[in-house]
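This briefing goes through one protein chain by topic, beginning with its interior and ending with its charged side chains. Please keep the sequence and the structure in view while reading.

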Amino acid sequence: RMRARVAGELLSHPHSSFSSLVFADMRDAIEEELDAMRSELERVEAEVRERTLRERGEEADSASYLHALRTIAAEKARVAIPYLLSASDELELDLLELSDAHLCSVLMADQLRGVKGEAVAMVRSVERHRAEIEEGHDPPSCLRSTSALSSFLSGSPPAGLEEDPSFVSAMSALSKSDVCASSRWRCDFDQHWAWLSSTCAEWSKLEARIRQ
């Protein structure tokens, strides 16, 4: 986190030769990964737009357009976050502590725009679902059944849950990505996801004993 604050401070002086040199050295250290990430992000966005056009046609309505934007945002997060976590460990800098604008600037990757916001939303989502279960909120917004929680954890929002399917799917995929000791985001997300997973396992065991 300290390195992220230092990076943010350097970015407040973007035209200084020292800032430019520091960030250029960082990009050089992860050049291959950055190129691969940029290419994948561009591919994902193009594929979603093409699929939306194919399914909805030229006269796609505003709802279709907004759905495509949500899908693009979730898919970009699914692709980019593992790269950012790997780079964070390599650079010993928690990249997801940077603001969205700073992240794009440091890595010279406009394709990352919106990824930080999705990452924050994912932590808030799993934190909220955990809190609602602990506080005993009512379904369907609360995942208070084994089937609903299991479906969520597998990447499919159960009936009644208003979260976008691509967003839930991306969270499930990211829960299986590599750990990152340098990332506060990874730690926070994993903490709540692990609680949801263990709760689902406990409920499953209890239901199995009841059926016996």
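**Core, fold and selected residues**

In this predicted model, the largest nonpolar core holds 50 residues, and the members that touch the most other members are Ile81, Leu107, Leu112, Met122 and Trp185. Two or more residues of this core come from each of the helices α2 (17–29), α3 (31–56), α4 (62–91), α5 (100–107), α6 (115–135), α7 (146–153), α8 (165–175) and α9 (184–211). Helix α4 gives the most to this core, with nine residues. In general terms, nonpolar side chains in soluble globular proteins tend to be buried together.

**Overall architecture**

- The chain contains nine helices and zero strands, and reading along the sequence gives the pattern α-α-α-α-α-α-α-α-α.
- Of the 212 residues in the chain, 41% are buried, while the accessible surface comes to about 11600 Å², with 52% of that surface belonging to carbon and sulfur atoms.
- Among the contacts in the chain with a separation of 6 or more, 63% are accounted for by residues 24 or more positions apart.

**A core member in detail: Met122**

- Met122 is one of the residues that touch the most other members of the largest nonpolar core, and, leaving aside residues up to four places away in sequence, Met122 touches Ala77, Ile81, Phe167, Ala170, Met171, Leu174, Trp185 and Phe189.
- Two of these partners, Ile81 and Trp185, are themselves named with Met122 among the core members that touch the most others.

**Polar and charged residues under cover**

- Ser166 lies in helix α8 and counts as buried because its relative accessible area is 10%, which falls under the 20% limit.
- The side chain of Ser166 makes a polar contact of 2.3 Å with the side chain of Asp164, and, not counting residues up to four places away in sequence, Ser166 touches Arg70, Thr71, Ala74 and Glu75.
- Lys76, which is found in helix α4, is likewise classed as buried, because a relative accessibility of 9% is under the 20% cut-off.
- Although Lys76 and Glu45 are 31 residues apart along the chain, their C-alpha atoms are separated by 7.5 Å.
- When residues up to four places away in sequence are left out, the residues that Lys76 touches are Leu41, Val44, Glu45, Gln111, Arg113 and Val115.

**A nonpolar patch on the surface**

- Tyr65, Leu66 and Leu69 form a nonpolar patch on the surface, and together they have about 280 Å² of accessible area.
- Tyr65 belongs to helix α4 and is classed as partly exposed because its relative accessible area of 48% lies between the 20% and 50% limits.

**Salt bridges**

- The count of salt bridges comes to 14; as a general point, side chains of opposite charge can pair when their charged atoms come close.
- Glu40 and Arg43 meet through their side chains in a salt bridge, with an N to O distance of 3.5 Å, and both residues lie in helix α3, three residues apart, which is about one turn of the helix.
- Both partners of this pair are partly exposed, with relative accessible areas of 26% for Glu40 and 38% for Arg43.
- The pair also belongs to a network of salt bridges that links Glu40, Arg43 and Glu47.
- A salt bridge of 3.4 Å, N to O, joins the side chains of Arg113 and Asp110; Arg113 is partly exposed at a relative accessible area of 46%, whereas Asp110 counts as exposed because its relative accessibility of 55% is over the 50% cut-off.
- Arg113 also appears among the residues touched by the buried Lys76.
- Asp138 and Arg144 form a salt bridge in which the closest N and O atoms are 3.8 Å apart, with Asp138 exposed at a relative accessible area of 56% and Arg144 partly exposed at 40%.

Technical notes
Residues numbered from 1 in each chain as written. Predicted model: local features only at pLDDT ≥ 70, side-chain atom pairs only at ≥ 80, totals over all residues. Heavy atoms only, no water. Core = buried A, V, L, I, M, F, W, Y, C linked by side-chain atoms within 4.5 Å. Buried < 20%, exposed > 50% of the residue type's maximum accessible area, 1.4 Å probe, protein only. Helix = DSSP H or I, 4+ residues; strand = E, 2+ residues; numbered from the N terminus. Contact = heavy atoms within 4.5 Å. Patch = residues over 30% accessible without salt bridge, like charges linked within 9 Å, V, L, I, M, F, W, Y side chains within 5 Å. Areas by Shrake-Rupley, 256 points an atom, 1.4 Å probe, with all protein chains shown as cover. Salt bridge = Lys/Arg side-chain N within 4 Å of Asp/Glu carboxyl O. Polar contact = N/O pair within 3.5 Å; in protein donor to acceptor, adjacent residues only side chain to side chain.
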